[in-house]
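Work through these exercises with the model open beside you. Try each task before you read its solution.

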Amino acid sequence: MLSLFKKKTNIPPSEGEQFIVQYFKDEKIRFEREVEIRNLKDDTKSYRRADFYLPKYKTYVEFFGMWNNSKEDRSRYKQKMVVFSKNNIPCVYIYPENL
């Protein structure tokens with residue numbers, strides 16, 4: 001079973017994340033920002049941080065805002081997707097062009 005630790009963060013939302021926040025608010029979708037997900041199997045990190053969690057849908061949302069910046073950023077995002085998939089983490093992935 002996964003252990004979730006929701007932690008308040010001082011990380012300011014990116015411009016894309018601000019757009020998503022506004023959408024959630026406009027549509028009255030309850031959400032939590034910057035949620036830590038711990039104890040993931042086959043992961044090199046002690047935790048992963050998801051951009052958003054939608055409690056009603058028990059689904060995470062990731063905005064890949066730096067997808068087009070570099071191969072390293074894309075690789076990092078792809079690794080996160082692999083870890084989420086291996087751990088059956090329900091997640092919607094949003095790319096900059098999706099906004």
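**Exercise 1.** Is E36 buried or exposed?

*Solution.* The model is predicted, so every value here is computed from predicted atoms. Start with the cut-off: buried means under 20% relative accessible area. E36 has 1% relative accessibility, so E36 counts as buried.

**Exercise 2.** Which side chain meets E36 in a salt bridge with an N to O distance of 2.9 Å? Place both partners in the chain.

*Solution.* Step one: the partner is R49, at 2.9 Å from N to O. Step two: find the elements. E36 sits in strand β2 (residues 32–38), and R49 sits in strand β3 (residues 47–54). The two are 13 residues apart, and their pair links distant parts of the chain. Step three: check R49. Its relative accessibility is 22%, so R49 counts as partly exposed.

**Exercise 3.** Take the salt bridge between R48 and D43. Classify each partner by burial.

*Solution.* First, the distance: 2.6 Å, N to O. Next, R48: at 5% relative accessibility, R48 counts as buried. Last, D43: with a relative accessible area of 16%, D43 is buried.

**Exercise 4.** Why are R76 and D73 separated by about one helical turn?

*Solution.* Begin with the contact. The side chains of R76 and D73 form a salt bridge of 3.2 Å, N to O. Now the spacing: they are 3 residues apart in helix α2 (residues 71–86), so about one helical turn separates them. Then burial. R76 is partly exposed, with a relative accessible area of 38%. D73 is buried, at 15%.

**Exercise 5.** Which residues are joined into one network by salt bridges that share partners? How many salt bridges does the structure hold?

*Solution.* The network joins R33, E34, E36, R38 and R49. You met E36 and R49 as a pair in Exercise 2. The structure holds 7 salt bridges.

**Exercise 6.** Which residues make up the largest nonpolar core? Trace the elements behind them.

*Solution.* List the members: V35, I37, L40, A50, Y53, Y60, V83, F84, I89 and C91, 10 residues. Now the elements: β2, β3 and α2 each give two or more residues to this core. Apart from this core lies another, of 8 residues, among them F24, F52, L54 and V61. In soluble globular proteins, nonpolar side chains tend to be buried together.

**Exercise 7.** Leave out residues up to four places away in sequence. What does Y53 touch?

*Solution.* Y53 touches R30, F31, E32, V35, K58, T59 and Y60. Compare this with the core list: V35 and Y60 are in it, along with Y53.

Key. Residues are numbered from 1 along each chain as its sequence is written. This is a predicted model: local features need pLDDT of at least 70, side-chain atom pairs count only at pLDDT 80 or more; totals for chains, interfaces and linings use all residues. Side-chain values use heavy atoms; hydrogens and water are left out. A salt bridge is a side-chain nitrogen of Lys or Arg within 4 Å of a carboxyl oxygen of Asp or Glu. Helices (H or I, at least four residues) and strands (E, at least two) are DSSP runs, numbered from the N terminus. Buried means under 20% relative accessible area, exposed over 50%, partly exposed in between (1.4 Å probe, protein chains only). A nonpolar core is a set of buried Ala, Val, Leu, Ile, Met, Phe, Trp, Tyr and Cys residues joined through side-chain atoms within 4.5 Å. Contact means heavy atoms within 4.5 Å.
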